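Colleague: Could you take me slowly through one part of this model, the pocket and the metal sites, and explain the terms as you go?

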Amino acid sequence: CSKTAGGNGVRFFEPQMQTKLEARRTLEAELRSALDNGELVLFYQPIYSLRTLTICGFEALLRWRHPERGMIPPADFIPIAEATGLIVPIGEWVIRQACADAVLWPDHIRIAVNLSALQFTKSDLLQTIAAALASTGLSPTRLELEVTESVLLRDDESTIAILHQLRALGHRIALDDFGTGYSSLSYLRSFPFDKIKIDQSFVREMAGRADCASIVNAVAGLAQDLGIGTTAEGVETEEQVQQLVRAGCTEVQGYRFGRPGPAPSVAQYFTNQDRPDRAHARVA
Ligand code: C2E
Ligand code: MG
Ligand code: MG
Ligand code: MG
């Protein structure tokens, strides 16, 4: 059933592309009802302070519990949610749910939520966040917001203005996946972030590749000069932990300290008195 272009015999629509497209359309239709059907869930992954080796917060990571396909990771459906605009209602749910869960945790524990560019341009983000805080009673200082470079891509003044307002309200703003964009350093100039999250691709290769280690050292040093924190993502080994301590990184997140888990699994970290080794032993 592939179509062929005019008379030149070039097939521009391969059968497997057709199948892919159909699969995507099905997923798109199912995603529309997933939110109403309660199929979306938030998993939480701990973030540890490297100075005190205690938990300072959790990142909310979205999962789709599909009735037939099982657990679908965000990489497989967030692009669809963004292409269709569904990320706006989904993102609003994420903010409400994350605040509702986090308000049950100890007061010094923060919650980090990922935001998409569309939430800044196609919805009233300030209103959504204000409503979630009002209905749950969570303090704004406990809600951290993670944005990637894509949010700042167009250097949109209204997006920057919203970030400034969020910061004035007491929220911390983190620059996620740092180093993976086209001009990472220039984004540090467009907004005074509270924290840089060093992308896991650098952390993963740090032990074997001197260039990746140099980049991590440089970013941690740069953040120190700017007076802000750094979270290393994707930390899996003790060797990486030691390198990150030497680099002057302030926070770590990764399987070494705990995998993302459903809300009820968070409690074990507190009963373990925030100790990473014991918490890790239970989670693994
Ligand atoms: P991210 O914000 O950079 O989240 C970190 C990702 O690294 C998560 O993948 C997490 O499970 C994974 N990770 C953590 N520790 C390790 C480790 O030690 N090793 C390895 N290999 N991976 C680790 P996940 O949960 O699949 O999320 C992928 C991305 O999807 C996130 O990247 C974020 O950009 C996006 N995302 C997740 N939830 C949301 C959401 O609610 N809204 C939006 N807009 N995006 C979200
Ligand atoms: Mg993130
Ligand atoms: Mg990241
Ligand atoms: Mg990422």
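Modeller: A term is needed before we begin: helices, of at least four residues, and strands, of at least two, are DSSP runs numbered from the N terminus, and I shall use those labels throughout. Please keep in mind that this is a predicted model.

With those labels we can describe the largest pocket, which has a volume of about 990 Å³ and is lined by 34 residues. Glu-59, Leu-61, Pro-74, Asn-114 and Asp-176 are the lining residues that lie nearest its centre. At least two lining residues each come from strand S2 (55-66), helix H2 (74-84), helix H3 (87-102), helix H4 (117-121) and strand S6 (172-178), and it is S2 that gives the largest share, with five residues. Sorted by character, the lining holds 14 nonpolar, 11 polar and nine charged residues.

Some of these names return when we turn to the magnesium ion (ligand 2), whose protein donors are Glu-59 (OE), Asn-114 (OD1), Glu-146 (OE) and Asp-176 (OD), at 2.0 to 2.2 Å from the ion. Along the sequence, these donor residues follow the spacing E-x54-N-x31-E-x29-D. Two of them show how distant parts of the chain are linked, for Asn-114 belongs to strand S4 (residues 110-114) and Asp-176 to strand S6, 62 residues apart. Asn-114 counts as partly exposed because its relative accessibility is 29%, which falls between the limits of 20% and 50%. Asp-176, in turn, has a relative accessibility of 5% and therefore counts as buried, a word that applies under 20%.

Asp-176 also leads us to the other site, since this residue bridges the magnesium ion (ligand 2) and the magnesium ion (ligand 3), which lie 4.1 Å apart. The magnesium ion (ligand 3) is coordinated at 2.0 to 2.4 Å by Asp-176 (OD) and Asp-177 (OD), and Glu-233 (OE) is listed twice among its donors. The spacing of the donor residues in sequence is D-D-x55-E for this ion. Here Asp-176 lies in strand S6, while Glu-233 sits in the loop between strand S8 (229-232) and helix H11 (238-247), so the pair ties together parts that are 57 residues apart in sequence. Glu-233 counts as buried too, because its relative accessibility is 8%.

To bring the picture together, Asp-176 is among the residues nearest the centre of the largest pocket, and this residue bridges the two magnesium ions, ligand 2 and ligand 3.

How values were computed: Residues are numbered from 1 along each chain as its sequence is written. Chains are lettered from A and ligands numbered from 1 in the order in which they are written. This is a predicted model: local features need pLDDT of at least 70, side-chain atom pairs count only at pLDDT 80 or more; totals for chains, interfaces and linings use all residues. Side-chain values use heavy atoms; hydrogens and water are left out. On a 1 Å grid over the protein atoms alone, a cavity is a set of points where a 1.4 Å probe fits but cannot get out, and a pocket is an open set with protein on both sides within 12 Å along at least five of seven lines; lining residues have an atom within 4 Å of a point. Grid points are joined across faces, edges and corners, and a volume is the space filled by probe spheres set on the points. Ala, Val, Leu, Ile, Met, Phe, Trp, Tyr, Cys and Pro count as nonpolar, Asp, Glu, Lys and Arg as charged, and the others, Gly among them, as polar. Donors are N, O and S atoms within 2.8 Å of the metal (3.2 Å for Na, K and Ca); water is not among the atoms, so sites may look incomplete. Buried means under 20% relative accessible area, exposed over 50%, partly exposed in between (1.4 Å probe, protein chains only).
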